[in-house]
Each structure stands twice: as structure tokens, then as C-alpha cells.
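User: Please take a close look at the aromatic rings in this structure. I would like to know how they are placed and what lies around them.

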Amino acid sequence: MKDQFGRDITYLRLSVTDRCNLRCRYCMPEEGVCKLTHNDMLTEDEMIMAVEAAASLGITKLRITGGEPLVKKNIVSICTRACAVPGITETAITTNGILLPELAKPLREAGIQRINLSLDTLDAEKYSRITRRGELTEALAGFRAALDAGFEKIKINAVLIGGFNDDEVRPLAELTKQYPIDVRFIELMPMYDSGDFGEEAFISCDSVLEQLPEAEAQGADGGVAKLYRLPGALGNVGLISPVSSHFCGSCNRIRLTADGRIKPCLHSDDEIRIKGMSKDEMTETLKQAIFEKPKWHGEMSYAERTHTHRDMNQIGG
Ligand code: SAM
Ligand code: SF4
């Protein structure tokens, strides 16, 4: 359905947990999260009802996210049921990949078509530093498992961080020459509490192009990324610039948090609770939330931080 500004809302990002097996410095605090009890969280049945309600309003694309979705015990069952909801034609998951060696195949068999893997660096020491506890070898094993499982599309997401991985733009981008994947650079967003990074860490996606002068523009991907291709590459390099050039005018998405709140805009504090509702009530509430989706998220920069009081692990990216 269309919102009050005429945007066709077709994309739901469903966060199945706010917990994670990593602690990326830009995403969540070192001590992790333990605020939500099981009673606060959407049950599996409620998640599926919400997907059905969303599909009845014209949502066709579903992304499962988190926290880390693969730490959720019933993730394969959630994906199997969510992918089977009539009207849902595009399915994807975003993961840090650590648990993919055991879960890539079951997720593919559950009906997940596409996978986004977060990988900010190819350097083992830097990987452990940015994730506070991860091992690069585990993430790379997850990447190989995703390749073997036969997903329709694999995208690597790297958050661009000045002074951390801006010297790795080329090696990350050149993964597209080795593998049939897209590599996307995402501008660092100034989230609520995970502010390990100051203004100097923000660099715009334009700096990627300066480092890859041979990259040729491919146009947009129908999503939020601007696409480029290195000569001879098997996939694209994508640039996602939520800070330097927001894409609110063409935003087609809504989010549902693991504690059952609809977030019509990532950076707004507006939330509507659907936990505990019947499917009909969820449908009505979603309809209103979609219609009233904010026009844009307001000014955002490292000076003017996000307006949401959640960190990214509590929203789902
Ligand atoms: N745990 C999964 C993962 O890391 O892919 C899924 C959830 S994570 C919150 C989703 C995406 O948000 C990841 O690609 C992550 O890099 C990105 N992200 C988290 N915090 C961010 C921030 N402050 N700025 C930009 N991207 C961020
Ligand atoms: Fe966990 Fe993903 Fe956040 Fe990293 S970005 S802490 S992997 S939820």
C-alpha cells in the first residue's frame, strides 16, 4: 500500500532478536543486551502473523535481521514459515556469517533466496578489534558456506570507517573480481549509544570512488545502493549513503523490532507496539503505521545524531 506521501511500501525488515554473538563497536555496547525477557519478545507465531498481516497490505519483500538472526534457536523454522507466506516473493537475511557453516544450507532450504554478510575488514586483527570478539577465519568460513549453499545472490556489507578500513576499499572491492558477489560500502550512521567513533570516523561514500577510478557506473539496483563495476568483475560495488545523501524520498520499507514494535522510519523515535495483538489488529495497526510513515528522518550527521533511542542491534539495520 502507499503511504500518505505516495511511496509504495513493499519491504519489511523483521528483526528476530536483539542479541548477538559479536559486539561491533558501531552497533552495540560491549556488555551486550539483556534488557528483553522472553515475554517481551515476539513469539514465532506472532512474527508469522505480522508477516501475513504485512503481506496482506502489499509487502512482497522480507528481510530477516537482528541482532544476529542466526543466534535465534528457531531461526530455520521462522524462515521456513515466513518464506511460505502467500505474497512474499523476495526473501533475504542479513548476518555476520559466524554461524553459517552449520546454517547456510538449512536457510537456503527454508526458502531464503539472498544473503547479506557483514564484513568490514579482511585483516584478522582488525576484525577482532571491530567486532570485539569475532575471528576472521569464522566469518570467512561462513562466506564459503554461503557460496556453497547456492543462494541466488550474496552481498558483502562493509561499514566505511575513517582510520579503520578506508585503506581496505580496494581489497574489499576486488572480491567482486574473485567471486560472483556484490560488495557494498555503507556510511557509518551515528547511532544512539554505540558512539565509539567520533566525527573523524565518518567518511562519505564518495571517497570509495576516489580510490576506484576505473569503476564504471551501473545505475541504481532498485534498492538504496548506487552500483559500480570494476573491469572484469563478476559482481558490483555498491555505495549506500544514508548520511551524505539520504534516500527517504524513495524509501519503501518498514521495520518490526524483536520486541514487537513497528518502526516506520529507522531514525525516528516513532514506534507502534503490536506485541500481543490478533492478526486483524496487527493488520489495522500496520496499515496506519505505513500511512503515517514520516516524510524523512530529519537532519542527520555526526553533529546531529539519530533521533531514535535504539542502537542498530535493537532495530536491525
Ligand atoms: N548481525 C547482522 C549483521 O551484522 O549483518 C544483522 C544485523 S546488523 C544491525 C545489520 C547491518 O547494520 C550490518 O550490516 C551492520 O554492519 C550495519 N550497522 C550496524 N550499525 C551500523 C552503523 N552505526 N552504521 C552503519 N551501519 C551499521
Ligand atoms: Fe552483531 Fe550485526 Fe551489530 Fe555486529 S552489526 S554487533 S554482528 S548485530
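Analyst: What follows covers the aromatic rings and then the nonpolar core. The model is predicted, so local features need pLDDT of at least 70 and side-chain atom pairs count only at pLDDT 80 or more, while totals for chains, interfaces and linings use all residues. Residues are numbered from 1 along each chain as its sequence is written, chains are lettered from A and ligands numbered from 1 in the order in which they are written, and side-chain values use heavy atoms, with hydrogens and water left out.

The structure holds one aromatic pair (ring centres of Phe, Tyr or Trp, for Trp the six-membered ring, within 6.5 Å). Phe143 and Tyr179 form this pair, with 5.0 Å between centres and 80° between planes, which is edge-to-face (over 60 degrees; under 30 is stacked, the rest tilted). The partners are 36 residues apart: Phe143 is in helix H5 (residues 136-149), and Tyr179 is in the loop between helix H7 (175-178) and strand S6 (182-187). Helices (H or I, at least four residues) and strands (E, at least two) are DSSP runs, numbered from the N terminus. Phe143 is buried, at 5% relative accessible area, whereas Tyr179 is partly exposed, at 25%. Buried means under 20%, exposed over 50%, and partly exposed in between (1.4 Å probe, protein chains only).

Two other rings have a lysine over the face (NZ of Lys, or CZ of Arg, within 6 Å of the ring centre and within 35 degrees of the ring normal). Lys61 lies 4.3 Å from the ring centre of Tyr11, and Lys126 lies 5.3 Å from that of Phe164.

The largest nonpolar core (buried Ala, Val, Leu, Ile, Met, Phe, Trp, Tyr and Cys joined through side-chain atoms within 4.5 Å) has 90 residues. Tyr26, Phe151 and Phe185 are among those with the most contacts inside this core.
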